[in-house]
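Student: I'm new to this one. Could you show it to me and let me ask how we know things about it?

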Amino acid sequence: MSVWVEERVETASGGDGGVHVREPVEVASGGESGAHVRERVETAFGGEGGVHVRVPDPATVREPVETASGGEGGVHVREPDPATVLAFRTTLEGRSDLMVLGPRTRASYLAPKELARCVTVRLRPGRARAALGVPVSELVDRIVPLRELWGPAADRLAEELAASPGGEAARIEEAVLDRLSALSSSELSQAGLVHAAADRLPYARVPEVARDLGISERHLRTLFTSGVGVAPKRYARLDRVRGVLARSTPRATPGGWAALAADAGYYDQSHLTAEFRAVMGVSPAAFVAGRLPAAVTCSA
């Protein structure tokens, strides 16, 4: 079984316009399941080839987002993402919070928010339930304080993070490691099934994945929805759209969309356009051209 995470400290976005795409940094670790889970997780979080943390030079950073259109009054785009994210943020006034960003089923277009510091940890789909202790289906399209899930332990962690600028990443890693190392063998097995299904679903249908894993389709859907937050088919849809976002650029031409559709697993270009619009709120061509919906203020 492997544990996949991403940690990132976002720097300020700006420039004369255009769309800047920040690709995720994912790190995997391997090993046998069972009592050595902590050792495996520590390998995933750190060490050679481990997690990458980018510390900003400016005193001000932007809130964590996947895509940003630059320029004064630009729009930050939170892309759809089936993963769950832990975020520690400190405002310019010195207030700090530790939040959980649940899986996002649609893009959000937000006005930029200036922060003194922001560290994010992205939990690979299938790992969030084990780390947070609740069905991820309860967190979909929500941003909640970590204290609602971890109780006083989250408040103590937030206080420690605020008191040690520069050491937030290591402390968050340790807290997640403690949670994962306490898993029972049954919980490890279920998490492993969900993780394996998440790896296969972008390339295979639900009946095939269930058969490969030796479980019923119904059991797969139940485990997956609880562990990832969305049903398998919706997960596959989000994964396809994210694949388009990773491949498309402002230089993409209309004639290239058909080839991109085939490469990303769509039936044809119209299928791509329909799914992209449903999730992103605009067509692919409008998105890469920077014709985005009006930004709204983030309430969290």
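Tutor: Sure, starting with a term: rings of Phe, Tyr and Trp (its six-membered ring) pair if their centres lie within 6.5 Å, and planes under 30 degrees apart count as stacked, over 60 as edge-to-face and the rest as tilted. Searching the whole structure gives 2 aromatic pairs. This is a predicted model, where local features need pLDDT of at least 70, side-chain atom pairs count only at pLDDT 80 or more, and totals for chains, interfaces and linings use all residues. Residues are numbered from 1 along each chain as its sequence is written, and side-chain values use heavy atoms, with hydrogens and water left out.

Student: What makes Phe224 and Tyr235 an edge-to-face pair?

Tutor: Their centres are 5.2 Å apart with 75° between the planes; the limits are within 6.5 Å for a pair and over 60 degrees for edge-to-face, so the name fits. Phe224 sits in helix α8 (residues 217-228) and Tyr235 in helix α9 (residues 232-247), so the pair ties together parts 11 residues apart in sequence. Helices here are DSSP runs (H or I, at least four residues), strands likewise (E, at least two), numbered from the N terminus.

Student: Why is Phe224 called buried?

Tutor: Buried means under 20% relative accessible area, exposed over 50%, partly exposed in between (1.4 Å probe, protein chains only). Phe224 has 0% relative accessibility, so it counts as buried. Tyr235, with 3%, is buried too.

Student: And what is the other aromatic pair?

Tutor: That's Phe276 with Phe287, edge-to-face at 5.8 Å centre to centre and 70° between the planes. Phe276 is in helix α11 (residues 269-280) and Phe287 in helix α12 (residues 284-288). Both Phe276 and Phe287 are buried.

Student: How do you know that β6 is largely enclosed by the rest of the structure?

Tutor: 7 of the 7 residues of β6 are buried, so that conclusion follows. On one side are Thr84, Leu86, Phe88 and Thr90, and on the other Val85, Ala87 and Arg89.

Student: Why are β6 and β10 said to pair?

Tutor: Two strands pair if DSSP finds at least two bridges between them. β6 and β10 are joined by 7 bridges and run antiparallel, so they qualify. β6 also runs antiparallel to β7, with 6 bridges.

Student: How do you know how far to trust the model?

Tutor: Look at pLDDT, the predictor's confidence in each residue, from 0 to 100. The protein chain has a mean of 76, and 73% of its residues reach 70 or more. Over residues 6-72, though, pLDDT stays under 50. Where pLDDT is low, the predicted coordinates should not be read in detail.

Definitions and conventions: Contact means heavy atoms within 4.5 Å.
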